[in-house]
Amino acid sequence: MCIRDSFKNLPEKYRTKVPTALLAYMIALLVTRLKLSGPEALYDLIWACNVGLIVAIYGMYTNNSVLVGSSMVLISIDQVLWYIDILGYLFTKKFPIGVAKYLTWEGQPFIKKVFSMHHIWFIPLLLKILKNSGGLSNSSFLMSVKLSLLLSVIARLTTPKMIKSSHGETYLNINLSWECWKDIKLKFLHLCNDMPMYMTVPFNNTLWNSGNFVFFLLLKKLLKVLNSVDGKSLK
């Protein structure tokens with residue numbers, strides 16, 4: 001299935017104002033990270049959540065809903081787990097999953113927390129955009145699988161699991177290319193921790209994309225419902 005399957009035109013404001021605002025956000029994110037961490041902040045650009053932002057921006061500027069959809073699917077499992085963690089922390093002061101626990105790590109700057117909030121608003125924003133653009137294409141899921149694998153391989157080849165600096169040790173493990181995220185306690189997910197790349201990357205990617213596939217189906221159904229509701233309201 002090619003990238004242009006189910007290609008739909010995006011509404012005008014989603015081809016100009018929204019991607020420009022997102023681009024400004026990305027630039028601000030990068031500038032603040034560089035000021036906080038120096039050149040090591042460039043590693044952050046390889047995270048799937050940040051690449052998802054870049055893909056979405058490009059998809060909006062080029063009027064391609066398939067690219068926009070792929071950016072949402074790429075990060076769907078991670079950001080849905082974020083919702084669970086944030087709600088759990090608000091009510092119990094604990095993170096049920098652990099994907100967002102790094103927000104409370106010792107020494108975590110407030111501004112870094114602020115520029116992590118796209119984990120909360122990114123999916124709702126893209127749902128709004130795709131609701132007006134024909135829904136979610138199967139091509140978006142296929143592209144997200146390719147992107148996640150590529151990003152995991154790049155992260156494993158170009159970034160360490162941890163780095164030492166004058167500020168102490170910094171845990172990276174970008175795109176789970178070395179191990180399952182350390183704050184997640186489910187033992188099964190850690191079976192391939194620190195194994196060779198040909199074991200860790202396929203294992204973690206299979207888990208990641210299996211979760212993404214579930215939420216791809218749910219998000220696709222949700223968009224159909226939202227479009228149906230809109231259609232009935234116009235009658």
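Analyst: Let's fix one term before we start: contact means heavy atoms within 4.5 Å. Also, this is a predicted model, and every value below is computed from it.

User: Okay, which residues of helix 1 and helix 2 meet by that rule?

Analyst: On the helix 1 side you have Val 18, Pro 19, Thr 20, Leu 22, Leu 23, Tyr 25, Met 26 and Leu 29, and they meet Asn 50, Leu 53, Ile 54, Ile 57, Met 60 and Tyr 61 of helix 2. By class, that contact splits into 12 nonpolar, two polar and no charged residues.

User: Why is helix 1 called roughly antiparallel to helix 2?

Analyst: Their axes lie 9 Å apart and the packing angle is about 150 degrees. The label needs an angle over 145, so helix 1 counts as roughly antiparallel to helix 2. The crossing of this pair is left-handed.

User: What makes helix 1 and helix 6 parallel or antiparallel?

Analyst: Same kind of check. Helix 1 (residues 17-37) and helix 6 (residues 118-131) have axes that come within 13 Å and cross at roughly 165 degrees. With the cut-off at over 145, the two helices are therefore roughly antiparallel. The crossing of helix 1 and helix 6 is left-handed too.

User: And which residues of helix 1 meet helix 6?

Analyst: Val 18, Leu 22, Tyr 25 and Leu 29 of helix 1 meet His 118, Trp 121, Leu 125 and Ile 129 of helix 6. The classes here are seven nonpolar, one polar and no charged residues. His falls among the residues counted as polar, being in neither the nonpolar nor the charged list.

User: Why is helix 3 described as oblique to helix 7?

Analyst: The axes of helix 3 (residues 65-74) and helix 7 come within 8 Å and cross at roughly 55 degrees. Parallel needs under 35, and perpendicular runs from 65 to 115. The angle fits neither, so helix 3 is oblique to helix 7. The crossing of these two is right-handed.

User: What classes of residue make the contact of helix 3 with helix 7?

Analyst: The helix 3 residues are Ser 65, Val 66, Leu 67, Gly 69, Ser 70, Val 73 and Leu 74, and across from them in helix 7 are Ser 139, Ser 140, Phe 141, Met 143, Ser 144, Leu 147, Ser 148 and Leu 151. That gives eight nonpolar, seven polar and no charged residues. Gly counts as polar under this scheme.

User: Moving on to empty space: how many cavities are counted?

Analyst: There is one cavity of 30 Å³ or more. The largest cavity has a volume of about 60 Å³, which sits above that cut-off of 30 Å³.

User: What lines the largest cavity?

Analyst: Its lining is Ala 48, Ser 148, Ser 152, Asn 175, Leu 176, Asn 204, Asn 205 and Trp 208. Helix 7 (138-158) and helix 8 are the elements that give two or more residues, and helix 8 gives the most, with three. The lining splits into three nonpolar, five polar and no charged residues.

User: How much space lies in the largest pocket, and which residues are closest to its centre?

Analyst: The largest pocket holds about 1200 Å³. It is lined by 44 residues, with Trp 47, Tyr 102, Trp 105, Tyr 171 and Trp 181 closest to the centre. Elements giving two or more residues include helix 1, helix 6 and both strand 1 (162-165) and strand 2 (168-171). By class, the pocket lining has 23 nonpolar, 13 polar and eight charged residues.

Methods. Residues numbered from 1 in each chain as written. Predicted model: local features only at pLDDT ≥ 70, side-chain atom pairs only at ≥ 80, totals over all residues. Heavy atoms only, no water. Axes fitted to C-alpha atoms, helices over the stretch in contact; angles between N-to-C directions. Helix = DSSP H or I, 4+ residues; strand = E, 2+ residues; numbered from the N terminus. Left-handed = near helix turned anticlockwise from the far one by under 90°. 1 Å grid on protein atoms, 1.4 Å probe; cavity = no way out; pocket = protein on both sides within 12 Å on 5 of 7 lines; lining within 4 Å. Points joined across faces, edges and corners; volume = space filled by probe spheres on them.
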